[in-house]
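Me: I have a structure to go through and some labels to justify. Please take my questions one at a time and give the reasoning behind each label.
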Amino acid sequence: MILTYNDSEVNRFHPIVEKCLKKTLEQLHLNDKYEVAHHQFVKNIEMDFVIRNKETRKSLCVVEVKRTPAAVKSQRYQLQAKSYVDMMSASQIEKPYFILTNIECSYLFKNKKEIPQVYKQIIKPGLVNNVSFNEIESEKELIEKTTEHYKHLIEKVVNDYEEYEQSLDDIVENLIAAKDNYEVWKSNFARMAYEYIRGAIASSNGNFKINDIRQYSQNIDSLRENFKRIDFEGIFNCPEYANSAKLENKLLKEIYDTGRKETDADELVTALHHIISLHNKHLGEVPTDLELARIMLVLAKQYCKTLKGCVCDPAAGSGNLISCVNEAYPDIQPKQIKANDKNELLLQLLSLRIGLKNVCTITPNNAPHITSLDIADLPMEYFDDVELIIMNPPMVSAVTDSYEKRKLYATLDNPKTDVGQAPLESAFLEYIYKKCKNNTTIVSLLPKTHLTATGGFAIALRKFLIEDFGLSLIFEYPSKGIFKDVTKATVAIVGKKGVYNDNIISLSTVNTIPDVNINTIERLLKEATGGQNIDGVEYNTIKRTELVKDVETGWKHFNSLKIETKNFIDQYLADTAKTIEIGNLKNIDLHRGKVGNNGLTDIIFPERNKNFQNLPESIRGKLCAGMRNAKHNSIETGKGDTKFLSVDKLTSKETSQAIRTLSGTAKRNGKQQRKQKSYKEMLEILHNEDQNSESASSILIPRNLRAIGRVFVCTEDTFVSTNFFVLSGLSEEKAKLYASWMSTIFYQICCEYYSKNQEGTRKMEKKEILKTPLPLFENLSDKQKNEIICQGTFQNFLNLKMPQIRNSDIVWAKIMFGEEWESILQEAKDLITRLANTRDPE
């Protein structure tokens, strides 16, 4: 085939789309006025294509490319494309259209603020089919047909066509109106589903006929009786239905026609799921990315090559993950599919979607098993015939939802992961593991930080994965664009219960998930060559003994870059004759900055307070040095990056005036309003904060950094926020020497290795900082100390993503590495560049 769904989106799909769009403009005689721009940015977000006015550079139409029809129909991706137009200012838009396409089919949308729901912005006739990749014999044919396909869409854009496709809108609105009354919802959904399935069957299975719903006067009992021949149990076998109003003939026709055209119901289901789960994201109810789901099934096939038993998703949502099973296992029978989700409103969505994926084979004796139960309530025998489990467990902190976690742990004897503030996903994973039989393959997503964090629950989870879960494979990928509504970066893990491997497979990629060539993953798993890198996907193996050894400190060796970094540190920076870990220093203290831990930060650090200018000069003149954020551009703090309100330096009258002036700040934008503290409470907090200054010669280490390797030395007593760790107990000379070292390429490499990636930022906690190395002070001569201090005072901080070697890097390299200093310094420059850009590829 010329194209497959597994091909790289950027490397294979984009060139064809670009060529077709350019030909479209030429054939419509628009190429003198408009151009096709690839990978343009709007507010730092990269779009695939924009057709824009050459003169004004305004957008005529945004074009977003996906690999599969399911992705085109996914509301998640439709919202993504819509967001690009939303982010544009009026001066950037000529016309507010956008296209979502995978070449085989496309949607055209017109964005209007008056109708914010994306499914209401679809331009008639809705989904427009172009070609099937299976039937195209040459690239020339594909380009010709796709150019013609895009011409019809762009003509509508140029002519400002604005007739919206109402069918999906009408169906969704009818159902959503009943979502707060489950009995009415079931009745409305059953009637809708009946006609939808009738349309889908008429389109895909001509030998089977379902009678028009009107022949049964829309009577639910009659519909149920008729569907006994097919199944769709979750829709038509509910115990009770409401005596709700019948659907109007116009809506019935729209439902039937939509079913004929959209036989898999993907778009309808994702639109409904988005609305149903809109307020449940904090409970972990987030749909799995469709592209990631397809990769998870490829990983599953490595360990479960053929399915004799069942495949199960115990937290299926609306079925994004489980609906990909048919692609991975084309011969699977409907009765081999089990799906469960505790949200009862999703039961019917699952039944419709999974049933239509198997519409040609589904019967009462060969039907998916779909339930809406809490997993703690699933019957004992539920997992007896399950051979493969695929899941995206609810990822919820213990603070957000401790009840669900406790309920699961209460059912387990001696749970291994119930340590400290264990999140819900730990309990969920261990529960599923305990309930399934030996040799069951489990493919699951988990937050990436669980593999590297050093908290008690993370250590317990890693120990469970390597000692009990049967960890077999870990797949690490960038989080960019995966889960729009959550901030957690994830990894995919594969385990096989009761099977313990001497070597764990590590797959990692620098590509975004949509640009991963799935054929590449299959090839790497088949060839199983350690260190092999193909198309940005890397295959490695890690000895199980290594993971066991590093359970306490975290697993950081899942790609060659991390392994290379560890080797660099071990070879050059771990020699105890030259360096010492901060945790081994005597008579020093490493602690978190203390200021602002009890609130009132806009009073404590008042310069950004909107009422700051209303403070009299007599008060402003008494403000002290403060460090609030890691944006200061000098290694020496001087007077700090902000001012601190020290009430101990004010008279009681000035204190009262300052508090009353600054506490009149407007409400916190976009944040939950906190209870207003009394004057007495505020005064007590401010007096306590006055005890929290850090002494001169303390080193300030930022907790979070992105691109600039900053570190600071306090030149006077300074009030430091919780955004820093403070290394205190140093002499002035030691502080300047150590801070100079901490600003170098070499120390920043250590920070990149020991830190965790939090949405592109480098986040460090105390345990990580204590492991970083400092040069042995007693090894330095007076001449070297003077040279270092002179360089450090005037040195710019290191740009981690585009580093330039500075004099201080050269001085330290010569001291630490002797004659080899130059080659090691160049190696370090290359290494820090790759580490920082891999962490934050924006």
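Me: How do you know what share of the contacts in the protein join residues at least 24 apart?
Reply: This is a predicted model. Take contacts between residues at least 6 apart in sequence. Of these, 73% join residues at least 24 apart. A contact here means heavy atoms within 4.5 Å.

Me: What makes the protein as compact as a globular protein of that length?
Reply: Start with the parts: 29 helices and 33 strands. The radius of gyration is 30 Å, and the globule rule gives 28 Å for 842 residues. The two values are close, so the protein is as compact as a globular protein of that length. Along the principal axes, the C-alpha atoms fill a box of roughly 95 × 60 × 60 Å.

Me: What percentage of the residues is buried, and what belongs to carbon and sulfur on the accessible surface?
Reply: Buried residues are 57% of the 842. The accessible surface is about 35200 Å². Carbon and sulfur atoms hold 46% of that surface.

Me: Why is Leu408 called buried?
Reply: The cut-off is under 20% relative accessible area. Leu408 has 3% relative accessibility, so Leu408 counts as buried. Leu408 sits in helix H14, residues 402-410. Beyond neighbours within four places in sequence, Leu408 contacts Ile375, Ala376, Leu424, Ala427, Phe428 and Tyr431.

Me: How far is Leu408 from Gly455?
Reply: Their C-alpha atoms are separated by 21 Å. Along the chain, Leu408 and Gly455 are 47 residues apart.

Me: Is Thr661 buried or exposed, and why?
Reply: Buried. Its relative accessibility is 18%, and the limit is under 20%, so the label holds. Thr661 belongs to helix H22, which spans residues 652-662. Apart from neighbours within four places in sequence, Thr661 touches Asn611, Asn614 and Leu615.

Me: Why does Cys624 have no bond to the sulfur of Cys714?
Reply: A disulfide is a covalent bond between the sulfur atoms of two cysteines. To count, the pair must lie within 2.5 Å. The closest cysteine sulfur to that of Cys624 is in Cys714, 13 Å away, so the gap is too far for a bond. A search of the whole structure finds zero disulfides. Cys624 also counts as buried, because its relative accessibility is 13%.

Me: How many charges does the protein carry, and how far apart are their mean positions?
Reply: There are 113 positive and 113 negative charges. Their mean positions are 3 Å apart.

Methods:
Residues numbered from 1 in each chain as written. Predicted model: local features only at pLDDT ≥ 70, side-chain atom pairs only at ≥ 80, totals over all residues. Heavy atoms only, no water. Helix = DSSP H or I, 4+ residues; strand = E, 2+ residues; numbered from the N terminus. Rg over C-alpha atoms; globule rule 2.2 N^0.38 Å. Buried < 20%, exposed > 50% of the residue type's maximum accessible area, 1.4 Å probe, protein only. Areas by Shrake-Rupley, 256 points an atom, 1.4 Å probe, with all protein chains shown as cover. Lys, Arg positive; Asp, Glu negative; His and termini not counted. Charge placed at Lys NZ, Arg CZ, Asp CG, Glu CD.
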